Amino acid sequence: MDTEKRSSCEKQASTASHEGVTADRPDSQNEKTLPNEKQGMQKSGDPTKQGLVKHTTEDDLELPSDEELKTLRRVPDSLTMSIFLVVIVEGCERAAYYGLTGIFFDYLANPLGPLPSGTGGVGSDPEGLSGAFGLGTVPANGLVQCQNFLTYLFPILGAYIADTKWGRYKTICVFSAIYFVGLVIITATAVPSAIRHSSALAGWIVGMVLMSCGSGGIKSNVAPLVADQITTPPMRIKTLKTGERVIVDRDATIARVYAVFYASINIGGLLSLATAEMERYVGFVWAYLVPTLVFLAVPVVLFLGRNKYRVVAPEGSVLLDAFNVIRYSLRSFWTAPLSYYRSIRRKEDPYAVCRPSYYEKQGQEKPSWLKWDDVFVSEVQRTVTATNVLWFFPIYWLCYGTLLGPLISQGNEMQLGGTPATLLPNIDSIALIVFIPIVDIFLYPFLRRRQMMPGPIARITLGFFLGSASMICASVTQYYIYKRSPCGTDISDTAGCYAPINVWQQSLTYTLIALSEIFASITGLEFCYQRAPLRMKSLVQAFFLLMTAFGNALAAALSPVTGDPYFTWLYGGTAIAAFITGVIFYVLFRHLDVNDAETNAIGLEQERVDKAFIAHPSTQEEEVRIDAREGEATATTLALLGGR
């Protein structure tokens with residue numbers, strides 16, 4: 001295709017990308033009639049009169065030339081109200097989550113505090129430890145890690161239900177109700193009349209499971225829901241008030257959205273500052289009640305914004321077809337593994353036998369099992385690539401998992417001076433609130449202007465190294481705790497014994513973990529979304545969260561050594577594992593930074609086709625093929641826009 005025709009084709013496809021479903025939430029009837037692979041769509045009525053379509057003409061969209069792509073500055077698009085509403089939902093949910101989980105360890109590990117009210121607090125005793133059940137460090141850490149594991153396991157269920165039954169909005173609403181019931185039960189176990197009862201621990205476990213279920217169902221869908229609100233085309237030219245011409249970049253917009261999204265998580269997490277003080281001075285029942293009341297804002301915002309969200313209807317589960325694509329692509333691996341390995345070394349496409357175009361070029365009839373198109377195969381290929389990368393994340397999450405267990409235990413072995421050890425993990429949230437804008441507004445634009453912006457693989461690798469550095473700091477701190485404590489390595493088994501080291505020396509450990517999150521966790525969210533197929537965004541997002549569950553499972557497996565005198569080796573071994581994993585991760589996947597933009601382009605044109613087909617159900621789509629090697633639309637015929 002020559003330059004002029006290609007420009008025309010790209011402009012039409014880009015225009016189509018704007019003509020999708022608007023932010024208005026369709027009613028239940030319309031949700032059932034939205035397309036499932038372009039079937040069963042509305043066939044009557046003018047979509048523009050039904051409030052489902054925003055029209056964007058070609059005059060509204062100026063695409064950058066090749067020269068402008070090299071020279072103009074790239075900026076994110078402005079964020080819509082629906083994005084901020086989803087961000088508020090996430091912030092309130094995270095406030096409730098961190099407000100409670102931040103004090104779970106003390107609640108489980110330490111004996112009932114001496115506060116006369118019987119709520120487990122210690123009042124003004126500067127070195128006292130608040131608590132309730134007195135289970136000890138190892139069992140308490142095991143339960144905390146179990147809670148974290150369940151929280152990141154349930155996203156698979158939430159994602160499946162959203163993709164096949166209810167859609168993301170309804171799924172979030174239902175799981176919010178489950179979440180709230182769990183919060184009420186946990187709060188009830190901390191009432192003075194119940195906290196001494198033998199069944200209180202069982203009640204806490206039931207409430208914890210319900211809370212984890214609700215949190216997991218929300219977590220797997222709220223990030224994709226905020227991504228659904230992004231309607232920015234891949235690139236367009238915009239002239240600022242200063243007269244400067246810039247490129248409004250979809251990738252930069254996604255980065256900005258997820259930066260704001262992640263900031264809301266950490267702003268909400270600051271509620272644990274209050275609950276950490278409340279557990280100490282007034283007891284656990286009040287510390288649990290406040291997050292429960294904050295969570296009530298979630299259903300309120302969901303209801304008020306019901307007509308503003310851009311809601312994508314469930315398109316059905318594509319897991320079976322995706323599994324079959326992977327199975328047939330690996331057929332030669334099982335029959336002739338050496339030949340398969342050689343073909344990979346020659347950079348041959350292992351998915352070629354799954355593409356209809358492969359048989360068309362051979363002049364053969366496609367097999368009866370082949371029920372998909374080339375675009376779907378490319379989407380599965382992207383999914384496999386993303387999940388291959390994510391298999392390394394459990395080691396990183398093992399570092400992060402020390403925040404709500406071992407590091408709190410370490411803080412309890414230091415000189416508190418009236419500061420509860422459960423307060424220190426908030427340094428992580430505060431550091432994120434400070435550093436995310438610095439990275440997003442100053443560092444990343446600075447690197448982009450100089451063509452020095454590292455790819456996602458390099459940034460994730462840096463996150464691994466920073467996580468390793470944080471564990472080195474924790475290991476060194478623990479070494480000096482044992483060295484300076486009058487009780488030696490038996491410090492946790494001796495009542496009232498602590499090392500004369502100020503607890504605030506943990507600040508560097510928490511700050512390094514926060515920095516590692518910016519480069520590993522935030523970039524991981526971007527990586528998942530950009531590479532996720534249109535029909536599998538929730539499930540790929542859930543897989544990202546599932547890796548967190550695996551990290552918590554590893555932490556739970558290490559529970560027997562989460563006590564004295566093993567803490568030094570626990571932190572040191574985790575640091576070594578994170579560093580080695582980071583090196584291996586970069587060596588294996590650094591090539592993805594080279595062709596990142598090319599890979600992300602696969603399936604993008606099909607997404608535009610789908611949205612245009614929704615906007616113009618009366619038009620006929622003849623054929624669109626995606627060239628996976630070039631990452632561009634090479635249309636034999638492109639008849640997308642009515643009245644073209």
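## A walk through the model

Start by selecting residues 250-269: this is helix 10, which lies across strand 1 and strand 3 and runs at about 65° to strand 3. Keep in mind as you look around that you have a predicted model open.

Now add the strands under discussion. Strand 1 belongs to an open sheet of three strands, ordered 1-3-2, with mixed pairing. Select 74-75 for strand 1 and 235-239 for strand 2, and you have the edge strands, each pairing on one side only. What holds neighbours like these together? Strands of a sheet pair through backbone hydrogen bonds, either parallel or antiparallel. Next, pick residues 245-249, which are strand 3; with strand 2 it pairs in the antiparallel sense, over five bridges. For one spot to zoom in on, click Met235 and look opposite: there you'll find Asp249 of strand 3.

Time for another pair of strands. Select 414-415, which is strand 4: two bridges join it to strand 5, and the two run parallel. Which residue of strand 5 is the bridge partner of Met414? That's Ala499.

Stay on strand 5 and show the side chains of residues 499-502. In a regular strand the side chains alternate between the two faces of the sheet. You can follow that here: Ala499 and Ile501 point to one face and are buried, whereas Pro500 and Asn502 point to the other and are not buried.

Hop to Gln451, in the loop that links helix 21 (426-449) with helix 22 (456-484). Most residues other than glycine have a negative phi. Gln451 isn't a glycine, yet its phi is positive, at about 55°. Is Gln451 buried or exposed? Its relative accessibility is 64%, so Gln451 counts as exposed.

Next stop, helix 25: select residues 567-589 and find Ile576 there. Ile576 counts as exposed because its relative accessibility is 53%. Now add Phe579, Ile580, Val583, Ile584, Val587 and Leu588 to your selection: with Ile576, they form a nonpolar patch on the surface, and their accessible area together is about 600 Å².

Finally, zoom out to the whole protein chain. Its secondary structure comes to 28 helices and seven strands. Of its 644 residues, 56% are buried. Turn on the surface and you're looking at about 27300 Å² of accessible area, 60% of it belonging to carbon and sulfur atoms. And how do the contacts reach along the chain? Among those between residues at least 6 apart in sequence, 80% join residues at least 24 apart.

How values were computed:
Residues are numbered from 1 along each chain as its sequence is written. This is a predicted model: local features need pLDDT of at least 70, side-chain atom pairs count only at pLDDT 80 or more; totals for chains, interfaces and linings use all residues. Side-chain values use heavy atoms; hydrogens and water are left out. Patches are made of residues with over 30% relative accessible area and no salt bridge: like charges are joined within 9 Å, nonpolar side chains (Val, Leu, Ile, Met, Phe, Trp, Tyr) within 5 Å. Accessible areas come from the Shrake-Rupley method with a 1.4 Å probe; for residues, only the protein chains shown count as cover. A salt bridge is a side-chain nitrogen of Lys or Arg within 4 Å of a carboxyl oxygen of Asp or Glu. Helices (H or I, at least four residues) and strands (E, at least two) are DSSP runs, numbered from the N terminus. Buried means under 20% relative accessible area, exposed over 50%, partly exposed in between (1.4 Å probe, protein chains only). Two strands pair if DSSP finds at least two bridges between them. Contact means heavy atoms within 4.5 Å. Axes are lines fitted to C-alpha atoms, for helices over the stretch in contact, and angles run from 0 to 180 degrees between N-to-C directions.
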